[in-house]
Amino acid sequence: SLLWIGAAYESLTLCNLRKFSIGGSVHIITNNQLGFTTHNQDGRSFEHSSDIVKSFGIPVIRINAADANTTVDSLLKVCRFAIDYWRTYKKDILIDMIGYRKHGHNEVDEPSFT
C-alpha cells in the first residue's frame with residue numbers, strides 16, 4: 001500500500017523477506033510526546049521513537065510539526081520526497097513529525113487533567 005499510517009514493529013519484521021514483499025511503504029509517526037512528563041531515557045530504549053526502524057535500514061525523515069508557518073509546505077515536500085523514494089526504490093521510508101501537545105499531556109489535550 002502507498003500510505004500505511006503507523007510503523008508497527010510486527011509488520012516491519014517482514015519488510016526484508018524475499019517471499020513477503022509489498023514493494024515498501026511510507027510510514028508516518030505523529031510524534032507529539034515532546035515535553036511529555038517522562039524523559040526519553042525513562043520511557044524507551046531509543047533517543048527517538050523512530051529509531052526502531054534503524055535495524056531494518058529504513059531511512060527516517062524528521063520534520064518539525066510545531067512550526068505553524070512552514071509545516072504544511074514542508075510536510076508536502078517531505079511527503080512528495082518520500083513517495084518518490086518509495087516509487088523509485090520500492091522500499092520503506094518513514095516520516096517522523098515531531099511536535100508537542102499544545103494544551104497538555106493527555107489524549108484529549110485538556111490541560112486541567114495534568
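## A low-confidence start

Over residues 1–7, pLDDT (the predictor's confidence in each residue, from 0 to 100) stays under 50, and the model has 21 contacts for them beyond four places in sequence; contact means heavy atoms within 4.5 Å. Across the chain, pLDDT averages 75, with 65% of the residues at 70 or above.

This is a predicted model, so to speak of local features takes pLDDT of at least 70, side-chain atom pairs count only at pLDDT 80 or more, and totals for chains, interfaces and linings use all residues. Residues are numbered from 1 along each chain as its sequence is written, and side-chain values use heavy atoms, leaving out hydrogens and water.

## Asp96, tucked away

Asp96 belongs to strand E4, residues 93–100; strands here are DSSP runs of at least two residues (E), helices runs of at least four (H or I), numbered from the N terminus. Asp96 counts as buried because its relative accessibility is 0%, where buried means under 20% relative accessible area, exposed over 50% and partly exposed in between, with a 1.4 Å probe and protein chains only.

Beyond four places in sequence, Asp96 touches several residues, including Ile29, Asn31, Val60 and Arg62. Ser50 is also a contact of Asp96, and their side chains are joined by a polar contact of 2.9 Å. Polar contacts are N or O pairs within 3.5 Å; within protein, one atom must be able to donate a hydrogen and the other to accept it, and residues adjacent in sequence count only if both atoms are side-chain atoms.
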